[in-house]
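Reader: I have a structure here that I would like to go through with you. May I put some questions as we look at it?
Author: Certainly; please show it.

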Amino acid sequence: MKIDYQEPSKDLLMRIDIHEKYGSANIDIWTNDLLKPQAEMNILDVGCGAGKLSFLFNEYTKGGAKITGGDFSEELLDKAREKNKKIGANIDFQFLDFNQPFNFPDNTFDLCTSAFAIYYASDLDFTFGEAYRVLTPGGRLFVSGPLPENKQMFYDIIKEATNATIPPMPGSSRFKGDIFNTISKIFAKTELHKFENHLTFPEVAPFIDYVRASLGEDRKLWTSMFNGNDEYEALIGKITDVATRWFERDGKLVMTKVVGGILATK
Ligand SMILES: C[S@@+](CC[C@H](N)C(=O)[O-])C[C@H]1O[C@@H](n2cnc3c(N)ncnc32)[C@H](O)[C@@H]1O
């Protein structure tokens with residue numbers, strides 16, 4: 001299944017900022033507690049975007065791990081390289097398309113991670129086969145992504161606003177099923193962990209910022225709902241009306257992110 005997907009950096013950075021401002025829990029702490037990356041480890045972060053996870057591991061290991069971040073968006077890689085330089089880190093950010101062979105020898109990395117990215121892969125057997133190949137024996141793969149019950153309220157508001165069927169999102173529709181099954185077929189041991197984060201919006205505006213940054217993320221996946229900018233703005237208007245009604249009724253808007261973490265060992 002080919003998925004046509006591009007992530008504009010402003011949308012990704014907006015969503016990260018909203019999670020930091022309004023979230024009840026910190027996914028970085030969850031990730032580090034689960035993985036405990038060590039200095040001297042060789043780590044590959046696939047679909048690294050602006051480098052969120054790569055910088056997290058760099059900080060956690062106090063610069064001791066050898067980290068490579070790979071992404072196919074030069075725009076996001078540039079953001080990551082800019083920060084790398086600014087903070088004096090030594091992470092190698094390079095082009096990587098996870099639908100193509102990874103440009104590394106077999107048995108190279110102790111840890112291969114991918115946060116909210118690799119589930120967009122066209123051919124899961126191929127991509128997770130590549131992750132397996134570049135890991136050392138006993139090396140670990142960590143993939144995070146949305147579980148089916150993720151941000152139910154977001155979809156409910158859009159459903160009420162449009163009366164339309166929400167198109168299936170490749171992340172939440174594939175994560176617990178196809179993605180987990182493919183990984184457990186290839187790897188020796190596979191576990192599913194869960195992280196919940198309640199985002200409480202104290203007003204409607206930041207929720208609408210989140211909606212815009214999310215429909216941007218999956219813009220091409222949402223095309224059954226709008227055609228061109230005028231229809232997009234009309235859709236945002238309807239969503240704002242419903243969100244405002246919910247806010248007036250409940251005094252707040254709470255959206256729960258339910259994230260899965262698949263941890264597998266080679
Ligand atoms: C939601 S972002 C997550 C970025 C980062 N891991 C984070 O947690 O902030 C998804 C990322 O997947 C990348 N991506 C999508 N398709 C890709 C592909 N075929 N090869 C490499 N990266 C890809 C996008 O460019 C984007 O950076």
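Reader: Which residue in β7 does Glu 196 stand opposite?
Author: Glu 196 stands opposite Val 258 in β7. Please bear in mind that this is a predicted model.

Reader: How many bridges join β6 to β7, and how do the two strands run?
Author: There are 13 bridges between β6, residues 189–201, and β7, and the two strands run antiparallel.

Reader: And how many join β5 to β7?
Author: Seven bridges do, and this pair is also antiparallel. Within β5 (135–146), Pro 146 stands opposite Val 259 of β7.

Reader: Turning to the helices, which residues of α4 are buried?
Author: Leu 76, Leu 77, Ala 80 and Asn 84 are buried. They lie on the same side of α4, because they cover an arc of only 100° around the axis.

Reader: What do they pack against?
Author: The buried residues of α4 pack against α1 (9–22), β2 (66–71) and β3 (92–95).

Reader: Which exposed residues are on the face turned away?
Author: That face of α4 carries Glu 74, Lys 85 and Lys 86. After the helix comes Gly 88, with a positive phi near 70°.

Reader: Now the interior. Which residues have the most contacts inside the largest nonpolar core?
Author: They are Ile 43, Val 46, Cys 112, Leu 141 and Ile 183, in a core of 45 residues. Elements that each supply at least two of its residues include β1, α4, β5 and β7. Apart from it lies another core of 12 residues, among them Phe 207 and Met 255.

Technical notes: Residues are numbered from 1 along each chain as its sequence is written. This is a predicted model: local features need pLDDT of at least 70, side-chain atom pairs count only at pLDDT 80 or more; totals for chains, interfaces and linings use all residues. A nonpolar core is a set of buried Ala, Val, Leu, Ile, Met, Phe, Trp, Tyr and Cys residues joined through C-beta atoms within 7 Å. A residue is buried if 20 or more other C-beta atoms lie within 10 Å of its own, exposed if 12 or fewer, and partly exposed in between; C-beta atoms are placed from the backbone. Helices (H or I, at least four residues) and strands (E, at least two) are DSSP runs, numbered from the N terminus. Two strands pair if DSSP finds at least two bridges between them. The arc is that of the directions from the helix axis to the C-beta atoms. Two residues are in contact if their C-beta atoms, placed from the backbone, lie within 7 Å.
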